[in-house]
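Student: I have a sequence and a model open on my screen. Could you walk me through the strands with a few questions?

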Amino acid sequence: MRHWFKTAFVLGAMALPLQAAAQAPAPADPAAPAAAYQQVATPPGAKLYIISPANKARVRSPFTVQFGLKGMGVTQAGNTSANAGHHHLLVDVKEPISETEIIPSDKNHLHFGGGQTETTLDLPPGRHTLQLVLGDAKHRPLAPLLASQKIEVTVISPTAKKKKHRRPHSHY
Ligand SMILES: [Cu+2]
């Protein structure tokens, strides 16, 4: 009997500091070493895809690119909610995406940290490639990498007139 009371007291005393720790705000640690970072796991069945334009489409600038994601949610950069991330659009990127490093941020690697699900591109005439990569709160790809198919679009000149289905003149 005596022993039971003692155990209960010890457990109660232990619970107090645990509760206090749970209520304290999570420490912001931007300088945390990369090694301490755990890549977010891609949930089974998740799929990332470009809704439009279609692969091999001919478009005029500016054109809208719509992002599709199944099996996960779209959130803002910095948000560590489970099973959610933000979109990155790779424009004319030829190098393979690093599966472990932070997704670069430049004119070819566009981040949509506001949770956007579409964007407007103004690309020069010619062929371009587009590919989506999902990133976590810290702009790292998920593991395994969650990327869309790389599509190709042809931007036609803004001055190009619509093709008329006129047969060439015959001299025969
Ligand atoms: Cu990002």
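Student: Happy to start with pairing: in which sense do strand β4 and β5 pair?

Tutor: Keep in mind that this is a predicted model. Strand β4 covers residues 73–74 and is joined to β5 over 2 bridges. One contact to look for is Val74, whose bridge partner in β5 is Gly85. The sense of the β4 and β5 pairing is parallel.

Student: Which residue of β8 is the bridge partner of Val91?

Tutor: Start from the strands themselves: β5 and β8 run antiparallel and are joined by 6 bridges. Follow β5, residues 84–91, to Val91. Its bridge partner in β8 is Leu130.

Student: And what is the bridge partner of Leu90 in β6?

Tutor: β6 spans residues 109–111 and pairs with β5 in the antiparallel sense over 3 bridges. Within that pairing, the partner of Leu90 is His109.

Student: Why is β5 largely enclosed by the rest of the structure?

Tutor: We have just seen β5 pair with β4, with β8 and with β6. For enclosure, look at burial: β5 is largely enclosed because, of its 8 residues, the number buried is 6.

Student: Which strand gives the most to the largest nonpolar core?

Tutor: That core has 18 residues, and Leu132 and Leu134 touch the most other members. Strands supplying at least two residues each include β1, β3, β5 and β9. Leu134 also touches residues far from it in sequence, among them Leu48, Leu69 and Gly85. With 4 residues, the strand giving the most is β8.

Notes. Residues are numbered from 1 along each chain as its sequence is written. This is a predicted model: local features need pLDDT of at least 70, side-chain atom pairs count only at pLDDT 80 or more; totals for chains, interfaces and linings use all residues. A nonpolar core is a set of buried Ala, Val, Leu, Ile, Met, Phe, Trp, Tyr and Cys residues joined through C-beta atoms within 7 Å. A residue is buried if 20 or more other C-beta atoms lie within 10 Å of its own, exposed if 12 or fewer, and partly exposed in between; C-beta atoms are placed from the backbone. Two residues are in contact if their C-beta atoms, placed from the backbone, lie within 7 Å. Two strands pair if DSSP finds at least two bridges between them. Lists of a residue's contacts leave out its neighbours within four places in sequence.
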